[in-house]
Every structure is written in structure tokens, then in C-alpha cells.
Amino acid sequence: MALSLRDVRCDPIANHALNELMHHYTVAQEKSRLVLTKKSGGMKLFLNNLDDLHQWNFMRNQQMVKEIERLHVLLTTTNQKRESWKVRALMAETQLLEATAKNSNGGRQNVSDVRYASLRRYLAKRLHPDFASGEGIEKVVRNEIFKEVWNEINRLDQGVSTTSFAAARSSWAA
């Protein structure tokens with residue numbers, strides 16, 4: 001039986017396979033078959049009946065199933081590694097905090113004190129006038145904010161009440 005483009009278009013599986021092949025091949029119809037010529041090169045495929053396209057589609061689907069299985073295994077492995085690294089990072093962070101707490105002030109400093117010191121360093125780097133970006137009024141405003149915040153931090157270090165900071169914060173919101 002002769003194969004024509006009309007026959008291929010009527011069969012959904014063969015039509016899908018031909019459409020996939022047409023990305024890399026040009027299609028020509030001869031008397032009793034289809035000839036597919038590779039766009040980059042002279043390789044030719046000769047299709048004599050619809051079963052040729054069905055078989056190509058089946059093989060392509062098998063390749064896709066194998067690729068999906070490979071990617072699934074890779075995803076599972078990646079997720080396991082990510083969880084392992086997450087646990088290791090949390091353990092390292094805990095060990096670092098414990099070591100820092102033991103070494104600071106003869107071992108009397110607790111984890112919240114370590115976090116407070118870390119936050120204080122962060123604010124100093126972020127708000128200090130020497131590191132302030134911007135020009136003119138923006139730099140002046142950042143300098144004033146730094147002074148107010150740093151004064152309150154010093155009061156906290158000395159154990160003084162924070163009522164003045166709450167009053168200053170409410171004036172900022174107004």
C-alpha cells in the first residue's frame with residue numbers, strides 16, 4: 001500500500017510523529033512513500049507505511065519515559081542532598097552560637113546576648129554615617145537616625161528604661 005501525506009494527516013499518531021520529524025527534516029511525497037531529508041545534511045529517511053511512523057513515535061515515547069525516570073532520580077537525590085546540607089548548616093550555626101557564647105565573657109554570655117551583639121554590629125555597619133550612602137539631606141537624616149538609635153542601644157547596654165525610645169518612635173510615625 002502506498003503512503004501519502006493525506007494518509008498521515010488522517011492518523012493522529014502518525015501525524016504527531018511526522019510533525020516532530022519535520023523540525024529536522026523536510027518532507028517530500030514520492031509515488032509510494034514519503035522521503036524525509038535532513039535539513040542539515042543529506043541523510044534521508046524513507047517511510048513506506050504508517051507503521052513506520054507509529055514505531056518511531058513509540059521509540060520516542062520510550063526515550064522520553066527513560067529521561068523522565070532519570071530526571072526523577074536526579075530530583076530525589078538533589079532534594080536529599082539539600083536536606084542534608086540544611087541539617088548540617090543548622091548544626092554548624094548551633095555550634096557556632098554555643099562556641100561564641102562560651103568564649104564571650106568567660107562563658108557567661110547566653111545565645112540572646114550573642115544575637116544582640118550581632119544585631120548591634122549589623123546596625124553599626126548599616127547606619128553609621130561613614131557608611132551612609134546618598135548626598136546632602138539624605139546623609140544628614142541618616143546621621144540623625146543613627147545618633148538616636150545608637151543612643152538607645154547604649155541605654156539598653158546600661159540597663160536604662162526604654163521609654164524614651166518609645167516616645168522617639170511615636171514621634172517618627174507622626
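Helices here are DSSP runs of type H or I with at least four residues, and strands are E runs of at least two, both numbered from the N terminus. In this predicted model, Asn 57 is found in helix 3, which covers residues 50-103.

**Overall layout**

The protein has six helices and three strands, and from the N terminus on its elements follow the order α-α-β-β-β-α-α-α-α. Of its 174 residues, 16% count as buried, while the accessible surface comes to about 13,200 Å², with 57% of that area belonging to carbon and sulfur atoms. When contacts between residues at least 6 apart in sequence are considered, 35% of them join residues at least 24 apart.

**Asn 57 and its surroundings**

Because its relative accessibility is 10%, and buried means under 20%, Asn 57 counts as buried. If neighbours within four places in sequence are left aside, Asn 57 is in contact with Ile 13, His 16 and Ala 17. One of these partners, Ala 17, also belongs to the largest nonpolar core of the protein.

**The nonpolar cores**

In soluble globular proteins, nonpolar side chains tend to be buried together. The largest nonpolar core in this model has 11 residues in all, namely Leu 3, Val 8, Ala 14, Ala 17, Leu 18, Leu 21, Tyr 25, Leu 34, Leu 36, Leu 47 and Leu 53. Two elements, helix 2 (12-21) and strand 2 (34-38), give two or more residues each to this core, and helix 2 gives the most, with four residues. Leu 53, a member of the core, is in contact with Val 8, Ala 14, Ala 17, Leu 18, Leu 21 and Leu 47, again leaving aside its neighbours within four places in sequence. Apart from this core lies another, of five residues, among them Leu 127, Phe 146, Val 149 and Ile 153.

**A nonpolar patch on the surface**

Ile 137, Val 140, Val 141 and Ile 145 make a nonpolar surface patch of about 350 Å². Ile 145 is found in helix 5, which covers residues 137-158, and it counts as partly exposed because its relative accessibility of 35% lies between the cut-offs of 20% and 50%.

The two residues for which an accessibility has been given are set side by side below.

| Residue | Relative accessibility | Class |
|---|---|---|
| Asn 57 | 10% | buried |
| Ile 145 | 35% | partly exposed |

Terms used. Residues numbered from 1 in each chain as written. Predicted model: local features only at pLDDT ≥ 70, side-chain atom pairs only at ≥ 80, totals over all residues. Heavy atoms only, no water. Buried < 20%, exposed > 50% of the residue type's maximum accessible area, 1.4 Å probe, protein only. Contact = heavy atoms within 4.5 Å. Core = buried A, V, L, I, M, F, W, Y, C linked by side-chain atoms within 4.5 Å. Patch = residues over 30% accessible without salt bridge, like charges linked within 9 Å, V, L, I, M, F, W, Y side chains within 5 Å. Areas by Shrake-Rupley, 256 points an atom, 1.4 Å probe, with all protein chains shown as cover. Salt bridge = Lys/Arg side-chain N within 4 Å of Asp/Glu carboxyl O.
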